[in-house]
Amino acid sequence: MTLGLVLALAAGTYAMRAAGPLLRGGLRVSERGRWMLSVAAVTLLAAFVAVSACYESGSFAGWPRVIGVLVGGVLAWRRAPFVVVVLVAAGVTAGLRAL
């Protein structure tokens, strides 16, 4: 059963990677459609970040992690360098946990 799942995931991954080059010239998307796809991508990313920030092993991860992720998000939004975002977010989280 595990081998079947791995093969199905591999086939799906290959199909998604191949879809871009194969559909490049044959698929026309309107401006509104492009905008909607962009909004959908950002929404999915935000949902993933929210769930990852708030939950660990099925329970609430704690306020220090949530606040650290929020600080990192604000820094990324303000276009701070990636290293700065990661170090400041980790520092804020560690500092709050130490308190």
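Buried means under 20% relative accessible area, exposed over 50%, and partly exposed in between (1.4 Å probe, protein chains only). With that in hand, welcome to these exercises. The structure is a predicted model, in which local features need pLDDT of at least 70, side-chain atom pairs count only at pLDDT 80 or more, and totals for chains, interfaces and linings use all residues. Residues are numbered from 1 along each chain as its sequence is written, and side-chain values use heavy atoms, with hydrogens and water left out.

**Exercise 1. The two sides of a helix**

Task: Find which residues of α4 are buried and work out how they are placed around the axis.

Solution:
- Start with the helix itself: α4 covers residues 82-98 and has 17 residues. Helices here are DSSP runs (H or I, at least four residues) and strands are runs of E (at least two), numbered from the N terminus.
- Next, pick out Val85, Ala89 and Thr93, which are buried in α4. They sit on the same side of α4 because they cover an arc of only 50 degrees around the axis; the arc is that of the directions from the helix axis to the C-beta atoms.
- A general rule helps here: an α-helix has 3.6 residues a turn, so residues three or four places apart point the same way.
- Now turn to the other side of α4, where Val83, Leu87 and Ala98 are exposed.
- Finally, look at the cover: α3 (63-77) is included in what covers the buried residues of α4.

**Exercise 2. A closer look at Thr93**

Task: Decide whether Thr93 is buried or exposed, and list what Thr93 touches.

Solution:
- Thr93 has a relative accessibility of 13%, so Thr93 counts as buried.
- Leaving out residues up to four places away in sequence, Thr93 touches Pro64, Arg65 and Gly68. Contact means heavy atoms within 4.5 Å.

**Exercise 3. Salt bridges**

Task: How many salt bridges does a search of the whole structure find, and which side chains meet in them?

Solution:
- Begin with the rule: a salt bridge is a side-chain nitrogen of Lys or Arg within 4 Å of a carboxyl oxygen of Asp or Glu.
- The search of the whole structure gives 2 salt bridges.
- In one, the side chains of Glu31 and Arg34 meet at 3.5 Å, N to O. Glu31 and Arg34 are 3 residues apart in helix α2, so about one helical turn separates them. Glu31 is exposed, at 60% relative accessibility.
- In another, Arg65 meets Glu56 through their side chains at 2.5 Å, N to O. Glu56 has a relative accessible area of 41% and is partly exposed.

**Exercise 4. Positive phi values**

Task: Where do Ser57 and Arg79 lie, and what is phi of Ser57 and of Arg79?

Solution:
- Recall the general trend: most residues other than glycine have a negative phi.
- Ser57 lies in the loop between β1 (55-56) and β2 (59-60). Its phi is near 55 degrees, a positive value in a residue other than glycine, and Ser57 is exposed, with a relative accessible area of 79%.
- Arg79 belongs to the loop between α3 and α4. Phi of Arg79 is near 65 degrees, again positive in a residue other than glycine, and Arg79 is exposed at 76% relative accessible area.

Terms used. Expected span 1.5 Å × (residues − 1).
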